[in-house]
2 protein chains.
Amino acid sequence: MIPLLNDRDIEFQLYEALDTESLLTRPRYADHSREVFNATLNTAKSVAERYFANHAVKADTQEPTFDGESVHLIPETKAAWDAFVEAGFLAAHEDYDEGGAQLPEVIFRVIMSYTNAANIGTAAYPFVSVGVINLIRAFGTAEQKALYLPLIMQGNSNGTMALTEPAQGSALGDIKTMAEPADDGSYRLFGQKMYISCAEHNIAGNVVNMVLAKIKGSPDGVKGISLFIVPKYLVNADGSPGQRNDVVLAGLNHKMGYRNATNTVLNFGEKDGAVGYLIGEANKGLGYMFQMMNEARIGIGLGAAAIAYQGYNLSLDYARQRPQGRLASSKDPSSPQVMLTEHADVRRLLLAQKAYAEGSLFMGLFASALFEDQNTAEDPDQRKRAGLLLDLITPMVKSWPSKYGCIGNDHAIQILGGAGYMREYEAERLYRDQRLNPIHEGAEAIHGLDILGRKVTMKNGACHQVFLEEVQKDISAAQAIACLSDMAKQLETALSTLDNTTQSLIALMGEDVDLGLANATLYLDMYGRVLASWLWLKQALAADKGLSSTQQHNEQDQHFYQGKIHTARYYFDWELPAVNQYADILNSGNRVPFDMQDDWF
Amino acid sequence: MIPLLNDRDIEFQLYEALDTESLLTRPRYADHSREVFNATLNTAKSVAERYFANHAVKADTQEPTFDGESVHLIPETKAAWDAFVEAGFLAAHEDYDEGGAQLPEVIFRVIMSYTNAANIGTAAYPFVSVGVINLIRAFGTAEQKALYLPLIMQGNSNGTMALTEPAQGSALGDIKTMAEPADDGSYRLFGQKMYISCAEHNIAGNVVNMVLAKIKGSPDGVKGISLFIVPKYLVNADGSPGQRNDVVLAGLNHKMGYRNATNTVLNFGEKDGAVGYLIGEANKGLGYMFQMMNEARIGIGLGAAAIAYQGYNLSLDYARQRPQGRLASSKDPSSPQVMLTEHADVRRLLLAQKAYAEGSLFMGLFASALFEDQNTAEDPDQRKRAGLLLDLITPMVKSWPSKYGCIGNDHAIQILGGAGYMREYEAERLYRDQRLNPIHEGAEAIHGLDILGRKVTMKNGACHQVFLEEVQKDISAAQAIACLSDMAKQLETALSTLDNTTQSLIALMGEDVDLGLANATLYLDMYGRVLASWLWLKQALAADKGLSSTQQHNEQDQHFYQGKIHTARYYFDWELPAVNQYADILNSGNRVPFDMQDDWF
């Protein structure tokens, strides 16, 4: 069996490149230990292997069906849900007094990474549910929390997030679902939601939908959006499902991949209106949803990382076992063939896959560590800086793994060649699964508008400033190390290019906001490359430290560390330099897409 | 219905950017006229729409099945084959006295482009058959030609090309299929072939397999490969199927896309050996196959072009009809939403799609025009130069459309957003179909080794030299035109960068051939970008000419020409400059993939 991730790398990322062990000094984690963390992750790996990986292929070929009455999933799905719930993972990072295991965010994210790598379609059920738990915990009333949190945490309901409508994807301000106040303080919802994941299934007795809608008479646009709990069955005081709510499945969409996560069209209010319960204040729904969305975006980045990782493990395994041809210097046709890994171009593809997969995982875990620091660091300044940096990097943490994950899974197909294109192998399924990630939780362009149109200027540029300062710290550290000093120099130049470009685009936006934002997706990619380079430098720094403290005879560790440094070098030599080309386009305020006319297509 | 290609663009490419009309002065085409060409293309479009497009979706969802006895395809497949045969397209470019319509290569390629755009899986049956016709016509004996050519041309058999084996994909020198001489001058073949397209079906009564095998005692490697005709049924003198040959279907592979083209594992010689007839001389089989392969590679590039074109037409149609959000400058949420095409980033994606789709089609037609000139130009020097240039560009004509076609079809998904990921729409099918192209007829890396390891140095660098000269001609022409002079300058710089890089890599290969070739795939992409830029400049030159001769009131033509020039500018500003980054990597002899060790992964 192809390993799900790489346990040595998880250990490295958590304890060498990040300082997860230092969390144990914080009061919230006083009861824990590194052994507890590791035992938890071992359980997660076992659950993922046993209950998720077992039906990844089957779920792809036998996707959910709707017979007009109910939706059927292969039975392994419920077993996976139950095993995940049973292990307490749905609430792993919640407080003890909320029924959780009070584990750090980063540990929870690694738990999810195992299930993501094993079977992303099935992993969607817990993934979305955790988002709903966080949302209700943060913004629900005491009553709502008491009713819905145990329901989900104990696996008797999953949760969904119902934002998109048939006519509204990226532009949520234009949603049409209406909420009418009822006499009892609840609301009646009318409308249709589209592309809602996991909203019908047979894995649990209820579904708690978190629905964006507009209360009659509320302002136009995003300022008139409210958030509602709309369960499939109204929930009795004891948590059992009561009366069927007026929310029904209009049909299933059929995805290219990610298939075991049902993708639904939901009708609200075909009869008297779907009963909904307002969360927090009216008209503040989008803000609530966005707190959860930001966590979900990191989660999507980590989902992309896991699929890319699985593709990397798969093609590496294949390349090591498949003899094919000879090197150009070896002219004798009777000489033995070499393995695919002997061909430099295959190594290039594998290096790119490794850079994307391990780089994406680290990007997601780094963001999770910032999330942790924002909430539990003892130094208020550290909390603040972590929050600023996290706000800034979230668009890239979502989009860089999604974009390069697709390319990494493309490379997996290419290394397998003909076999890569066949459904008899799994490379093509991973490629199909991965393609969702640049679309959901904000299509790529949305994140470009977010980073350039909001994040770099917000709080008077403080987020961007913290980024510059933090990157500079690692540049300084790397300058002192012989094998990393070249990379330090490359990153310093790129960082300055990024900053100059940022200032020039801010100036251009001041003159013409549409022109200034026209090439924002390219800017997103530029920022993503600098971020990815920084985080690879961080890994290289940790690897260098590991190398110098590793026993001479521990060859395996030496190879592991050399691989990290060499992969960082690959990224710096082959992928970072594109920022110069991007800067030329961006700094000149390139007008080509902006000026293109519809009639000219 | 989404148009298959764009008739205005076909007209432009054939008669404005290429000078197809001038072929009419050559003796071979004396009977033809532009009207005949156009009528033929109209028929091709009708056949493609009526008999190919009609089952593209159905064939994807109801792929070929094997019941252990025979293979079943949906009945529309046979109807499509029959219609294509009936129209005389299988032999459209063959001579009259060989039963053909004696049409120019470029017209035949446009015929195929319509069927490719309509349904690439079904189009594979005629596509491969035409390759087999060309092969037998070029290298078969008079008897072989008399027996097999009418059989295929009249649709009573298709043809296949059986090169790959389970253990041998890119490295054909190591194939194991053996041929033993029989007393009657024929051979008996034993072995297994893998990934053979179209080798079983129910569209015609026979299958003519062209099989690479080694005659017992032949030299190791590529110098010991011979080519055989191995029909499924031995062919009686009247062309009817005779005795069943000892070649049987071991099973079907199941592809991610391109599904209606059966993909087979074939066993030769389970009993007494499959009867095979040697083509040409023993041990020269790979050379014969390569003549056909070069044509097939242009065909693959054109297949990729057609799928990319279809994706472009699809997403453009969607983007023009889908309202979503507002521009950043428009803050009023009650103002009407704008169409997707109003968003600069969507236009960027569409521009890239247009650059890839129209650029790939033109690249393939340009190569076909060179093929034509090589064979029918009256000036011997023109023939020679056309041949040199065609040899040189073939690796890019296959790989550039395949690589960027995938990216273009990826963009189509992204523009459709959630809908793009759903099988209810066709963007995802096109994306799956396209992914085969960087694999078959030589995986991408093979073309990198071909261009750098063979083409640029062969004939003492004459091919590369002709390329430099021909590009320079168009640069000079564009320098004189105000709106194109910037592009002329950009291309001149890039051409010089390409040439310098070429010389430095040739020197490096002289020192260490493995190191020199290590980054050949990047060099391939570099050459491809320069070639694509040149051909976009050619289109821009033709568009500029069209613009200046277009009546003021013909707005549609003006828009068309402006679109061509603007797309060229997009390519020059956004995609050509990457060659500078590539040059840095290549000229420094970057050792990162070369030095990577297996243990470090």
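**Entry 1: a helix under cover**

I count a residue as buried if 20 or more other C-beta atoms lie within 10 Å of its own. With that in hand, and remembering that this is a predicted model, I looked up α12(B). How many of its twelve residues are buried? Ten of them are, so by the 20-neighbour cut-off the helix is mostly covered. The buried set includes B:Ile446, B:Leu449 and B:Ile451. Charged names turn up there too, among them B:Glu444, B:Asp450 and B:Lys455.

I then checked the length of helix α12 of chain B, residues 444-455. At 1.5 Å a residue it should span 16 Å, and its end C-alpha atoms are 15 Å apart, which agrees.

**Entry 2: another helix in chain B**

Next I tried helix α16 of chain B, which runs over residues 520-549. Its 30 residues should span 44 Å at 1.5 Å a residue. I found its end C-alpha atoms 43 Å apart, so expectation and model agree here as well. Is α16(B) enclosed or open? Because 25 of its 30 residues are buried, α16(B) is largely enclosed by the rest of the structure.

I also stopped at B:Ala477, which sits in helix α13 (residues 458-479) of chain B. B:Ala477 has 15 other C-beta atoms within 10 Å, so I noted it as partly exposed. From B:Ala477 to B:Ala488 is eleven residues in sequence, and their C-alpha atoms are 8.4 Å apart in space.

**Entry 3: two residues with positive phi**

I went looking in the loops of chain A. A:Asn283 is not a glycine, yet it has a positive phi of about 70°. I found A:Asn283 in the loop between β12 (274-278) and α8 (285-321). It has 17 C-beta neighbours inside 10 Å, so it counts as partly exposed.

A:Glu441 also has a positive phi without being a glycine, this one about 55°. Its loop lies between α11 (427-434) and α12 (444-455) of chain A. Is A:Glu441 buried or exposed? It is buried, because 24 other C-beta atoms lie within 10 Å.

**Entry 4: domains and core**

I wrote down the domain assignment of chain A: domain 1 is 7-153, domain 2 is 159-283 and domain 3 is 443-596. The centres of domain 2 and domain 3 of chain A, taken over C-alpha atoms, are 39 Å apart.

Which residues have the most contacts inside the largest nonpolar core? They are A:Phe228 and B:Phe228, in a core of 415 residues. Beyond its neighbours within four places in sequence, B:Phe228 touches residues including B:Tyr187, B:Leu189, B:Val211 and B:Ile279. In soluble globular proteins, nonpolar side chains tend to be buried together.

**Entry 5: the two chains together**

I laid chain A on chain B: a turn of 180° with a shift of 0.0 Å along the axis gives an RMSD of 0.0 Å. That is the relation of a two-fold axis. The same surface serves both copies, since 100% of the contact residues of chain A recur in chain B. A:Ala578 is the residue of chain A that comes closest to the rotation axis, with its C-alpha at 3.6 Å.

Last, I looked at the contact, which takes 78 residues from chain A and 79 residues from chain B. Which helix gives the most to the side of chain A that touches chain B? It is helix α17 (residues 555-575) of chain A, with eight residues. I sorted that side of chain A into 33 nonpolar, 26 polar and 19 charged residues.

Methods: Residues are numbered from 1 along each chain as its sequence is written. Chains are lettered from A and ligands numbered from 1 in the order in which they are written. This is a predicted model: local features need pLDDT of at least 70, side-chain atom pairs count only at pLDDT 80 or more; totals for chains, interfaces and linings use all residues. Helices (H or I, at least four residues) and strands (E, at least two) are DSSP runs, numbered from the N terminus. The expected span of a helix is 1.5 Å times one less than its number of residues. Domain bounds come from an automatic or database domain assignment. Copies are superposed by least squares on the C-alpha atoms of residues with pLDDT of at least 70 in both. Two residues are in contact if their C-beta atoms, placed from the backbone, lie within 7 Å. A nonpolar core is a set of buried Ala, Val, Leu, Ile, Met, Phe, Trp, Tyr and Cys residues joined through C-beta atoms within 7 Å.
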